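User: Please take a close look at one part of this model, the aromatic cluster and the strands around it, and then set that part in the context of the whole chain. I would like the reasoning spelled out, along with a view of where the coordinates deserve caution.

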Amino acid sequence: MSEDKVVDADRRFWVGTTCAVGGVAAVGVAVPFVSTFAPSERAKAAGAPVEVEVGDMQPGEMRTVEWRGKPVWIIRRTPEQLATLKQVDGELADPNSERNPDEITPEYARNEYRSLKPEYFVAVGICPHLGCSPTARFTTGSQPNLPADWHGGFLCPCHGSTFDMAGRVYKNKPSPDNLTIPPYEFLSDTKIVVGVDESNKA
């Protein structure tokens, strides 16, 4: 074999090897890069419907889950808390949830309880004023930043908006609206899915 043919064979071997190694490296770089276009598990979970077991909740208990990056409250209201709802109608800015109903209160929640079942209240825990998260103030009676005849509900710590046990805003408060009711439905007597209802199956 001539020296030229040996050199050509060696050159072809090293060129092929270099291309192969380069190709593997390119794939190694490209796979993580391309994977960044796919949503993370956390992002997928934040936008997907969230199932919540409520059968073991005690009366007066509140749970918070995350849906689409927002806190969603689930409260099992006591008979006493339900009884206060009619008592405060005259003190509320929108007792019948008539403001922006398509955005704030789904049709199935346009009732005195603002819920599918009176016992369970589901709401987005964000004040419509400037986006702060109200705090639960379920204890009744006089207490700091609340009226002496407080019946229980929620207080926004940022600017003082108050909401009753159905998330309805009191009169003369910064919040322009009641708390938003998210799409939700009962999968069973003891399980709620947040993010899905008859008009929103996404």
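Analyst: Tyr184 is buried in this predicted model, with a relative accessible area of 1%. Tyr184 lies in strand 8, whereas Tyr108 lies in the loop between helix 4 (101-104) and strand 4, so the aromatic pair they form ties together parts that are 76 residues apart in sequence. The geometry of the pair formed by Tyr108 and Tyr184 is edge-to-face, with 5.8 Å centre to centre and 85° between the planes. Tyr108 itself has a relative accessibility of 24% and therefore counts as partly exposed, since a residue is called buried under 20%.

Tyr184 also has a second ring partner in Phe186: their centres are 6.4 Å apart and their planes stand at 65°, so this pair, too, is edge-to-face. With a relative accessible area of 19%, Phe186 is buried, and the cut-off of 20% is what puts Phe186 in that class. Taken together, Tyr108, Tyr120, Tyr184 and Phe186 form one aromatic cluster, and the structure holds 6 aromatic pairs.

The strand that carries Tyr184 belongs to an open sheet of 3 strands, which has the order 1-9-8 and antiparallel pairing. Strand 1 (50-53) and strand 8 (184-188) are the edge strands of this sheet, each pairing on one side only. Neighbouring strands here are turned by 30° against each other on average, direction ignored. Strand 1 runs antiparallel to strand 9 (residues 191-194), and 4 bridges join the two; within this pairing, Val52 has Ile192 of strand 9 as its bridge partner.

A further open sheet is formed by 3 strands in the order 5-6-7, again with antiparallel pairing. Strand 5 (135-137) and strand 7 (162-163) each have a single partner strand and stand at the edges, so one side of each is left without a neighbour in the sheet. The pairing of strand 5 with strand 6 (residues 153-155) is antiparallel and extends over 3 bridges, and Thr135 stands opposite Leu155 of strand 6.

Outside these two sheets, helix 3 (residues 79-87) shows how burial is distributed around a helix. Its buried residues are Gln81, Leu82, Thr84 and Leu85, and because they cover an arc of only 155° around the axis, they lie on the same side of helix 3. An α-helix has 3.6 residues a turn, so residues three or four places apart point the same way. On the other side of helix 3, Pro79, Glu80 and Lys86 are exposed, while the buried residues of the helix pack against strand 3 (70-76).

Two loop residues merit attention for their backbone angles. Arg68, in the loop between strand 2 (62-67) and strand 3, has a phi near 50°, which is a positive value in a residue other than glycine; its relative accessible area of 44% makes Arg68 partly exposed. Asn172 is found in the loop between strand 7 and strand 8, and its phi, near 60°, is likewise positive in a residue other than glycine. Asn172 is exposed, with a relative accessible area of 80%.

For the chain as a whole, there are 4 helices and 9 strands, and the elements follow the sequence α-α-β-β-β-α-α-β-β-β-β-β-β from the N terminus on. Buried residues make up 36% of the 202 residues. Of the contacts between residues at least 6 apart in sequence, 54% join residues at least 24 apart.

Confidence varies along the chain, which averages a pLDDT of 84, with 76% of the residues scoring at least 70. Among the elements, strand 4 (residues 120-124) has the highest mean pLDDT, 98, and helix 1 (residues 3-35) the lowest, 52. Over residues 29-40 pLDDT stays under 50, and for this stretch the model has 2 contacts beyond four places in sequence. Where pLDDT is low, the predicted coordinates should not be read in detail.

Key
Residues numbered from 1 in each chain as written. Predicted model: local features only at pLDDT ≥ 70, side-chain atom pairs only at ≥ 80, totals over all residues. Heavy atoms only, no water. pLDDT = per-residue confidence, 0-100. Contact = heavy atoms within 4.5 Å. Buried < 20%, exposed > 50% of the residue type's maximum accessible area, 1.4 Å probe, protein only. Arc of directions from axis to C-beta. Pairing = 2+ DSSP bridges. Axes fitted to C-alpha atoms, helices over the stretch in contact; angles between N-to-C directions. Phe/Tyr/Trp six-rings, centres within 6.5 Å; stacked < 30°, edge-to-face > 60°.
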